[in-house]
Amino acid sequence: EKMGEWEQEGVVVLSSIARPAVLQYKSFILRALQAVAYSPFYLLSFSSESQNLYIPLFDHLVASRSHPISRFVVTISDPKLEIYSFNLQVHARLGWITYLLHHWFISSTLFSVTAIIAMEWFFIVVTAVVGYFLLRSREGGASVDALTLSPSSGGVERDTPSSSGGGG
C-alpha cells in the first residue's frame, strides 16, 4: 500500500482519510450532442470539457511543532480517471493572535515591544511617586494633623509644643 511506502522513508503520517467523489454521468448520446454543439468553442479553446469537484478533506487537522505538516499525498483509486489539473487549497483557521503574529509580524512586534516598555515606565513612575510620599512622611514632613489655622496671622502655622502649651 502507498502509506507503507511513506512510513518507510521516516515520514510520520499524521492522518489518513478516504472520501468518495462522484463525477457527473453523461450518456453517450448526450456527450455526442454536447460535443457537436460546443465544438467551435472547444476548437478555439474558449471552453473545455471538464468537471470541477470540491471535496473537503479535513475539518480539524491540528499541526504541532514536533510534527509539522509538510506534505500532502492524494491518491486516485480509479485508474481510468484522467486528471489534467489538480488544485489543493489549504485554508488554515488561525486564532486571532496567531493570525496577527503570522501575517503582521513587524507591526505586532513593534506594538508588543512598545506596550511592554510603556508598562515598565508606568510601574517605574508609580513606584517612584509612592516611594517619594512614603519617604517624605517618614522624615517628619508636614502632615494635615499638624497644621492649624491662626486667625491673627492670616495664614497657616505649625502647631509646636511651645506655642500650644501656655496661657494667653
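Is F41 buried, exposed or partly exposed in this predicted model? F41 is partly exposed, because its relative accessible area is 41%, a value that lies between the limits of 20% for buried and 50% for exposed.

**Figure 1. Overview of the predicted model and its order of helices and strands.** The protein contains six helices and two strands, and along the sequence these follow the pattern α-α-α-α-α-β-β-α. Of the 168 residues in the protein, buried residues make up 1%. The protein exposes about 15,900 Å², of which carbon and sulfur atoms supply 61%. Among the contacts in the protein with a separation of 6 or more, 44% are accounted for by residues 24 or more positions apart.

**Figure 2. Close-up of the aromatic cluster formed by Y38, F41 and Y42.** The structure holds four aromatic pairs. One of these joins Y38 and F41, whose ring centres are 6.3 Å apart and whose planes stand at 50 degrees, so the pair is tilted; an angle over 60 degrees would be needed for an edge-to-face pair, and one under 30 degrees for a stacked pair. Ring pairs link Y38, F41 and Y42 into a cluster. Y38 counts as partly exposed because its relative accessibility is 39%, and F41, with a relative accessible area of 41%, is likewise partly exposed.

**Figure 3. Close-up of the ring pair of F122 and F123.** A pair of aromatic rings is described by the distance of the centres and the angle of the planes. For F122 and F123 the centres lie 5.5 Å apart and the planes meet at 65 degrees, so the pair is edge-to-face, the angle being over the cut-off of 60 degrees. F122 counts as exposed, because its relative accessibility is 51% and the limit for that class is over 50%.

**Figure 4. Close-up of S45 in the loop between α3 and α4.** This loop runs between α3 (39-43) and α4 (96-103), and S45 has its place within it. Although S45 is not a glycine, it has a positive phi of about 60 degrees. At 62% relative accessibility, S45 counts as exposed.

**Figure 5. Close-up of S108 in helix α5.** Helix α5 spans residues 105-138 and includes S108. S108 is buried, because its relative accessible area of 13% falls under the cut-off of 20%. When residues up to four places away in sequence are not counted, S108 touches L100 and L101.

Terms used. Residues numbered from 1 in each chain as written. Predicted model: local features only at pLDDT ≥ 70, side-chain atom pairs only at ≥ 80, totals over all residues. Heavy atoms only, no water. Phe/Tyr/Trp six-rings, centres within 6.5 Å; stacked < 30°, edge-to-face > 60°. Buried < 20%, exposed > 50% of the residue type's maximum accessible area, 1.4 Å probe, protein only. Helix = DSSP H or I, 4+ residues; strand = E, 2+ residues; numbered from the N terminus. Contact = heavy atoms within 4.5 Å. Areas by Shrake-Rupley, 256 points an atom, 1.4 Å probe, with all protein chains shown as cover.
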